[in-house]
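Visitor: I've got a model open and would like a guided walk through it. Mind if I fire off questions as we go?

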Amino acid sequence: MPHDGHALDLLDALLSAPPPEPELSEVGHVVEVGDGIAIVAGLARALTDEMLDFGSGLSGIVFDLEPDRLGVVLLGPTASVVPGADVRRTGRVVSVPVGAALLGRVVDALGRPRDGGDAPADLPLRPIETEAPGILDRAPVARPLATGLKAVDAAVPVGKGQRELIIGDRQTGKTSIAIDTILNQKDTGVLCVYCAIGQRGDAVAKAVGAIRDGGMAEGTIVVTAGDEEAPGLSWVAPYAAMAMAEALAAGARDVLIVFDDLTHHAHSYRELSLLLRRPPGREAFPGDIFYVHARLLERAGQFGPGAGGGSITALPVVETQAENLSAYIPTNLISITDGQIYLSPRLVRRNQFPAVDLGVSVSRVGGKAQARAFRDVAGNLRVTLSQFEELEEFARFGTRLDEGTRKRLSRGAAVRAALRQPERAPMPADEQLAVLLAAMEGLLDGLDEGAAMAAMEAIRTAVRGAGDATRDLIASGRPLAPEDRGRILDLARQALAEAGHGTDA
Ligand SMILES: Nc1ncnc2c1ncn2[C@@H]1O[C@H](COP(=O)(O)OP(=O)(O)O)[C@@H](O)[C@H]1O
Ligand SMILES: [Mg+2]
């Protein structure tokens, strides 16, 4: 065949040219519009998850693809959409601005400022859905992520890269635990993303205020999709927040992300699916709700050296009704995560805050990340408390108690009191260790609630005044040697004697 220079030139030109743009001139129209959704026709080439432009800043996501029409989730108010209006393809999936410039800001589910400030300029965009890192890009959870809460750090320890569910009925302190954990990241270098889903505006304002008052505003991005906004925004919010967390973690940083809460997220997804007439499954949730949450939480983890070495620790929150842990969404999330912190209304009624029920709470991977000395003190905590509660139950029947039983009851009560902690008061690990050791060894036996609180304060002050020995012990990963135990207990005894709570223990 003769050489045809012309054809080769053409081939060169084709190969070096950028790929063809999707035909953005494609315009369809709204057929029908309902609460948070629209049916669109005339965009035969649109793809699933593609973002559509409804004009005047409103966008939507292609949710259902049918031969002649699209089911579209609106990412803004429905009121501005009328049947017959133009809809344009964008050729892109939904992306949000990401980057460290968002720290200190409150943004909506599309990354637009909600704090009255200007949008940071020139931020890179990142698709809200990405594939989770594969097994080869991951490393085991091995470093603690301290919550600053004794009941959690001692008995349900969380590790960096772990996914730990916070679960309980309403008003049991779920949000409080999440916010306190964020506050405890002050001066640790861990960056935080707090994603509020379907909450009322005043609840979000309260969380933002607590983060600011605790000095963590500059280390936190708040992403909010409120209950008065389009359900589509609630649906995309956790994915958008995760994209922001991934961008922070890509700089080899440790990131903590809170989803508060995924019950509201599941409800938005159910609402959208029912409006778009997807067939409902169990409890009227669409059949893929498990996958919707699994693929979100899979993106958390401790990443290996090949993947930057950062980590994303996820604390999803889920609200139960009447303590029903076996409802569909809670069981899904329990099976997706690496453990759960269960908050019990029974403990709330007794004013035992944080209301962590140690009998039902577990941390499947965090124990390996807990410092050895801390584990040596806290290891028996769960057993001590459950034996005490059994005994307490029994003692309620007025049975006459012998001296040994009375002693055990008073020890159990002291240990339970030692786990009490007010909100917004995260406690460093060395102080936690000293307080718990003192309680387990009987130094707080027989004190009433007020006296126990004062005694714990005295011990904490003594630990702070005694230098870095206990902190260094925890950081070293050494076991708790008898001399460490003796030193800490001496310190505590002396503090109690000085504060007038001397015991003869
Ligand atoms: N450690 C605590 N000490 C005292 N009160 C607490 C504590 N944690 C939470 N609370 C109170 O319990 C109530 C419910 O807390 P919240 O975190 O909003 O619960 P949830 O998110 O489960 O609905 C709030 O009034 C809060 O102030
Ligand atoms: Mg809450």
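Visitor: Let's start small. In which strand does Y194 lie?

Guide: Keep in mind that this is a predicted model. Look at the stretch covering residues 191-197, which forms one strand, and Y194 is part of that run. The strand is β11.

Visitor: Is Y194 buried or exposed?

Guide: Count the C-beta atoms inside 10 Å of Y194 and you get 27. The cut-off for burial is 20 or more, so with 27 neighbours Y194 counts as buried.

Visitor: Which residues does Y194 touch, leaving out those up to four places away in sequence?

Guide: Y194 sits in β11, and one of its contacts, I182, belongs to the buried residues of α3. The full set for Y194 is I182, A207, I211, T220, V222, V258 and D260.

Visitor: How far apart in space are Y194 and V223, C-alpha to C-alpha?

Guide: In sequence, 29 residues separate Y194 from V223. In space, the C-alpha to C-alpha distance between Y194 and V223 is 6.2 Å.

Visitor: What does C195 contact beyond its neighbours within four places in sequence?

Guide: C195 is one of the residues that touch the most other members of the largest nonpolar core, and V223 and I257 are also among them. Both of those turn up in the contacts of C195 as well. The whole list for C195 reads V223, A237, P238, A241, I257, V258, F259 and D260.

Visitor: Which helix gives the largest share of that core?

Guide: The core holds 145 residues, and those touching the most other members include A240 and M244. One helix, spanning residues 231-249, supplies 14 residues of the core. That helix, with the largest share, is α5.

Visitor: How many residues of α3 are buried?

Guide: Helix α3 runs over 174-183. Its buried residues include K174 and D180 as well as I177, I179 and L183. The helix is mostly covered, and the count of buried residues is ten of ten.

Visitor: Which residues of β10 are buried on each of its two sides?

Guide: In a regular strand, side chains alternate between the two faces of the sheet. In β10, residues 165-168, both faces are covered. One side has L165 and I167, and the other has I166 and G168.

Visitor: What are the bridge partners of I166 in β16 and β15?

Guide: β10 runs parallel to β16 (residues 339-343), with four bridges joining them. β10 also runs parallel to β15 (residues 311-319), through three bridges. In β16 the partner of I166 is I341, and in β15 the partner is V317.

Visitor: In what order do the six strands of the barrel close?

Guide: Strands of a sheet pair through backbone hydrogen bonds, either parallel or antiparallel. In this barrel the pairing is antiparallel, and the six strands close in the order β1-β2-β5-β4-β3-β6. Direction ignored, neighbouring strands of this sheet are turned against each other by, on average, 45 degrees.

Visitor: Which residues of β5 are the bridge partners of I61 and D64?

Guide: Strand β4 (residues 59-65) and strand β5 (residues 70-74) run antiparallel and share five bridges. A hairpin of four residues connects β4 to β5. I61 pairs with V73, and D64 pairs with G71.

Visitor: And in the hairpin of β3 and β4, which residue takes a positive phi?

Guide: β3 (residues 50-53) runs antiparallel to β4, with three bridges between them, and L52 is partnered with G60. The hairpin has five residues between the strands, and a phi near 80 degrees belongs to G55.

Visitor: Zooming out, how far apart are the centres of domain 2 and domain 3?

Guide: The protein is divided into domain 1 (27-93), domain 2 (97-368) and domain 3 (376-498). Taken over C-alpha atoms, the centres of domain 2 and domain 3 are separated by 31 Å.

Visitor: Which helix gives the most to the side of domain 2 that touches domain 3?

Guide: There, 19 residues of domain 2 are in contact with 17 residues of domain 3. Both α2 (150-155) and α3 supply at least two residues on the domain 2 side. That side divides into ten nonpolar, six polar and three charged residues. With five residues, the helix giving the most is α2.

Methods
Residues are numbered from 1 along each chain as its sequence is written. Chains are lettered from A and ligands numbered from 1 in the order in which they are written. This is a predicted model: local features need pLDDT of at least 70, side-chain atom pairs count only at pLDDT 80 or more; totals for chains, interfaces and linings use all residues. Two strands pair if DSSP finds at least two bridges between them. Axes are lines fitted to C-alpha atoms, for helices over the stretch in contact, and angles run from 0 to 180 degrees between N-to-C directions. A nonpolar core is a set of buried Ala, Val, Leu, Ile, Met, Phe, Trp, Tyr and Cys residues joined through C-beta atoms within 7 Å. A residue is buried if 20 or more other C-beta atoms lie within 10 Å of its own, exposed if 12 or fewer, and partly exposed in between; C-beta atoms are placed from the backbone. Two residues are in contact if their C-beta atoms, placed from the backbone, lie within 7 Å. Domain bounds come from an automatic or database domain assignment. Ala, Val, Leu, Ile, Met, Phe, Trp, Tyr, Cys and Pro count as nonpolar, Asp, Glu, Lys and Arg as charged, and the others, Gly among them, as polar.
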